[in-house]
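Here are a few friendly notes to read alongside the structure. I start with confidence and overall form, then turn to some individual residues.

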Amino acid sequence: MSGDLLTDTGVLLGRSLRHIARSPDTIITTAVMPIAMMLLFVYVFGGAIDTGGGSYVDYLLPGILTITITMGITYTAYRLFLDLQGGIFERFQSMPIARSAVLWAHVLTSVVATVMSLTIVVGVALLMGFRSGAGVLEWLAVAGILVLLTLALTWVAVIAGLSARSVDGASAFSYPLILLPFVSSAFVPTDSMPGPVAAFAEHQPVTSIVNTVRNLFSGQPVGTEIWIALAWCVGILGLGYALSVLVYRRRAG
């Protein structure tokens, strides 16, 4: 980022964060559904699911965190669509500010809000009995992966927000992303799935990310899984950013 872009992004980021501070329901709503799912799976289904030993909430939490992220980015597309419909983008374009600062402000707002939601979810998991053998470095690695995933998926949300024709359309893009953890190792080991389903689950990004976070939480070696997870995140981030800029330039004329 250039100096002007950093300054302009900081000003617009402050504007967005003030909106969230006045109306924190976005953060709460984003955290409520993953928490409800965690309660349901741990206390209703957990006793019937064989994860190879250990607490089910320990096994489940990494997948719940990915769902929290996918639900959080829905609001990015929604807020971006509303700004477009309200004419705010046109107003910003008439001002001497970096054009991409508007997008970066929305993206960074999403990262901040999602981190808050993730913190709430982890806090509830601790109350439910989640325990981690991770040290400081492992916790930092988990935080880094989750922030990188949030950043990557938020740029995908930007594409939806810029391309949508309706509020429902801006939000609907996230449904497949929310469902993707259910066909991964997030809730049950992949070797318990039928062959074709297991093959898909083992070769999609959520499984690598969930397995990496789970191993970091438990203090186990991550092996090559972490590099696969990072490659997925960086690849999605690069593609999402490039397409977002392309769509934005076409939209802005």
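1. Let me begin with burial: of the 253 residues in the chain, 48% count as buried. Please keep in mind that this is a predicted model.

2. On confidence, the chain has an average pLDDT of 85, and 91% of the residues score at least 70. The weak spot is helix α4 (residues 88–93), where confidence is lowest with a mean of 61. At the other end stands helix α10 (residues 205–218), with the highest value, 95. Where pLDDT is low, predicted coordinates should not be read in detail.

3. The secondary structure is quick to describe: the chain has 11 helices and 0 strands. Read from the N terminus, its elements run α-α-α-α-α-α-α-α-α-α-α.

4. How does the radius of gyration fit a compact globule? For 253 residues the expected value would be near 18 Å, and the chain has 19 Å, so the two agree. Along the principal axes, the C-alpha trace spans about 60 × 35 × 35 Å.

5. You may also like the contact pattern. Among contacts in the chain with a separation of 6 or more, 81% join residues 24 or more positions apart.

6. As for the surface, the chain exposes about 11,900 Å², and 68% of that is supplied by carbon and sulfur atoms. A local feature worth a look is the nonpolar surface patch formed by Leu39, Leu40, Tyr43, Val44 and Phe45. Together these residues have about 470 Å² of accessible area.

7. Within that patch, take Tyr43, which lies in helix α2 (residues 25–45). Is Tyr43 buried or exposed? Its relative accessible area is 54%, and the cut-off for exposed is over 50%, so Tyr43 counts as exposed.

8. Thr150 makes a nice counterpoint; its place is in helix α6 (residues 136–163). The relative accessibility of Thr150 is 1%, so this residue counts as buried, given that buried means under 20%. Which residues does Thr150 contact, leaving aside neighbours within four places in sequence? They are Ile69, Ile73, Ser110, Val111 and Thr114.

9. Finally, have a look at Val124 in helix α5 (residues 101–127). Not counting residues up to four places away in sequence, Val124 touches Ile35 and Met38. Val124 and Trp139 are 15 residues apart along the chain, and 17 Å separates their C-alpha atoms.

Terms used: Residues numbered from 1 in each chain as written. Predicted model: local features only at pLDDT ≥ 70, side-chain atom pairs only at ≥ 80, totals over all residues. Heavy atoms only, no water. Patch = residues over 30% accessible without salt bridge, like charges linked within 9 Å, V, L, I, M, F, W, Y side chains within 5 Å. Areas by Shrake-Rupley, 256 points an atom, 1.4 Å probe, with all protein chains shown as cover. Salt bridge = Lys/Arg side-chain N within 4 Å of Asp/Glu carboxyl O. Helix = DSSP H or I, 4+ residues; strand = E, 2+ residues; numbered from the N terminus. Buried < 20%, exposed > 50% of the residue type's maximum accessible area, 1.4 Å probe, protein only. Rg over C-alpha atoms; globule rule 2.2 N^0.38 Å. Contact = heavy atoms within 4.5 Å. pLDDT = per-residue confidence, 0-100.
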